[in-house]
Amino acid sequence: MAKEIKREVVKASETKAEAEKAPKKKKVDTETGEKEVVQAKPTGNAALKRVFAVVFWLLAIAAEIAAIMLLNGYLYIPYDLKTLLIIAIALDLIFVIIGSQFWKKANHINPPSEKNKVWFFLCSQMGLIVAVIAFCPLIVLLLKNKDKLDKKTKVIVTVIAAVALLVAGACSIDYDPVSQESLAEAKSEVSELTDDGTVYWTRYGRSYHCDINCHTLARSSTLYEGTIEEAFAARRNDPCDYCADGKEAKLSERNAGDAADNTAAGEPAAE
């Protein structure tokens, strides 16, 4: 007798508070048992997230300017200079990373177009560009400074700033940027594979699925349910290889097409 597995499916288009008030819906499958559908938070507004990103980036630049002013003596605070510089670098790092997360989230909600390659790169990797702007001038001035800091302090602060730049850059890069074209292609494929355009994804997986009973979801106790746009906003823009027209599905389709062509040409189909 097959073991019944209860799985929670979270709908991506609703807030958690609304989910607690809304009646829970059920989806039943003969193999996996009941799957409970609850509600989750919405994707949000891309324009607003970009505004937040710019605000945090401006704060990061302000922290860098404050550090430069302290270093050059244009700003005086009666406290240890090394400590003040480290605090400014830390704030710079925090603001850059927060801003970059907002920007990447906005790009996955409303992605740029690939028609202009330069603009697509700039828009997709704006977080990395800001990270460079927010640290490189300070690092250059630290290396050139000979008056304000002793050698030991200069080395310590410079190393901290360089590490902060590396961390900010690593956290700000969009390793898997999406475009309007890739979203449109995914939307078209999902509409062909599903009745209502609903896709599913897991908490830690990177793919979206068109079939709630896909065998790759067998070990996932919680599933998120939403549109393809919501899946992209959740950074789940890789189609499942088996149920969402991913590489395995496309390979099978191509092999089937080749077999049909061979049959039409009078060649025996591959076993």
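Which residues form a nonpolar patch on the surface, and how much accessible area do they have together? The patch consists of Leu48, Val51, Phe52, Val55 and Leu59, which together have about 410 Å² of accessible area. The structure is a predicted model, and the sections below describe the chain as a whole before turning to individual helices and residues.

## Overall architecture

The chain has 271 residues, of which 40% count as buried. Its secondary structure comprises 9 helices and 7 strands. Among the contacts with a separation of 6 or more, 74% are made by residues 24 or more positions apart.

The exposed area of the chain is about 15700 Å², and carbon and sulfur atoms supply 60% of that area.

## Helix H2 and the nonpolar patch

Helix H2 covers residues 46–72. Leu48, a member of the nonpolar patch, is located in this helix. Leu48 counts as partly exposed because its relative accessibility is 45%, between the limits of 20% and 50%. The patch members include Leu48, Val51, Val55 and Leu59. In general, an α-helix has 3.6 residues a turn, so residues three or four places apart point the same way.

Val54 also belongs to helix H2. With a relative accessible area of 37%, Val54 is partly exposed. Its C-alpha atom lies 10.0 Å from that of Gly127, although Val54 and Gly127 are 73 residues apart in sequence.

Ala67, another residue of helix H2, is in a contrasting setting: at 0% relative accessibility, Ala67 counts as buried. Leaving aside residues up to four places away in sequence, Ala67 touches Leu85, Ala88 and Leu138. The C-alpha atoms of Ala67 and Ala88 are separated by 5.8 Å, and the two residues are 21 residues apart along the chain.

## Helix H5: span, kink and packing

Helix H5 runs over residues 126–144. At 1.5 Å a residue, its 19 residues should span 27 Å, and the 28 Å between its end C-alpha atoms agrees with that expectation. The helix nevertheless has a kink of about 30° at Phe135, shortly before the proline Pro137.

The buried residues of H5 are Gly127, Val130, Ala131, Ala134, Phe135, Leu138, Ile139 and Leu142. Phe135 is thus both the site of the kink and one of the buried residues. The buried residues of H5 pack against three helices: H2, H3 (81–109) and H6 (151–172). The packing of H5 against H2 includes the contact between Leu138 and Ala67.

## The salt bridge

The structure holds 1 salt bridge. It joins the side chains of Lys187 and Glu229, with a distance of 3.1 Å from N to O. The pair links distant parts of the chain, since Lys187 is in helix H7 (residues 180–193) and Glu229 is in helix H8 (residues 228–233), 42 residues apart. In general, side chains of opposite charge can pair when their charged atoms come close.

Both partners are partly accessible at the surface: Lys187 is partly exposed with a relative accessible area of 45%, and Glu229 is partly exposed with a relative accessible area of 29%.

## Backbone at Arg235

Arg235 is not a glycine, yet it has a positive phi of about 65°. This residue lies in the loop between H8 and strand E7 (238–239). Arg235 counts as partly exposed, because its relative accessibility of 22% is not under the 20% limit for buried residues and not over 50%.

Note on methods:
Residues numbered from 1 in each chain as written. Predicted model: local features only at pLDDT ≥ 70, side-chain atom pairs only at ≥ 80, totals over all residues. Heavy atoms only, no water. Helix = DSSP H or I, 4+ residues; strand = E, 2+ residues; numbered from the N terminus. Expected span 1.5 Å × (residues − 1). Bend = angle between axes of the 7 residues up to and from the residue. Buried < 20%, exposed > 50% of the residue type's maximum accessible area, 1.4 Å probe, protein only. Contact = heavy atoms within 4.5 Å. Patch = residues over 30% accessible without salt bridge, like charges linked within 9 Å, V, L, I, M, F, W, Y side chains within 5 Å. Areas by Shrake-Rupley, 256 points an atom, 1.4 Å probe, with all protein chains shown as cover. Salt bridge = Lys/Arg side-chain N within 4 Å of Asp/Glu carboxyl O.
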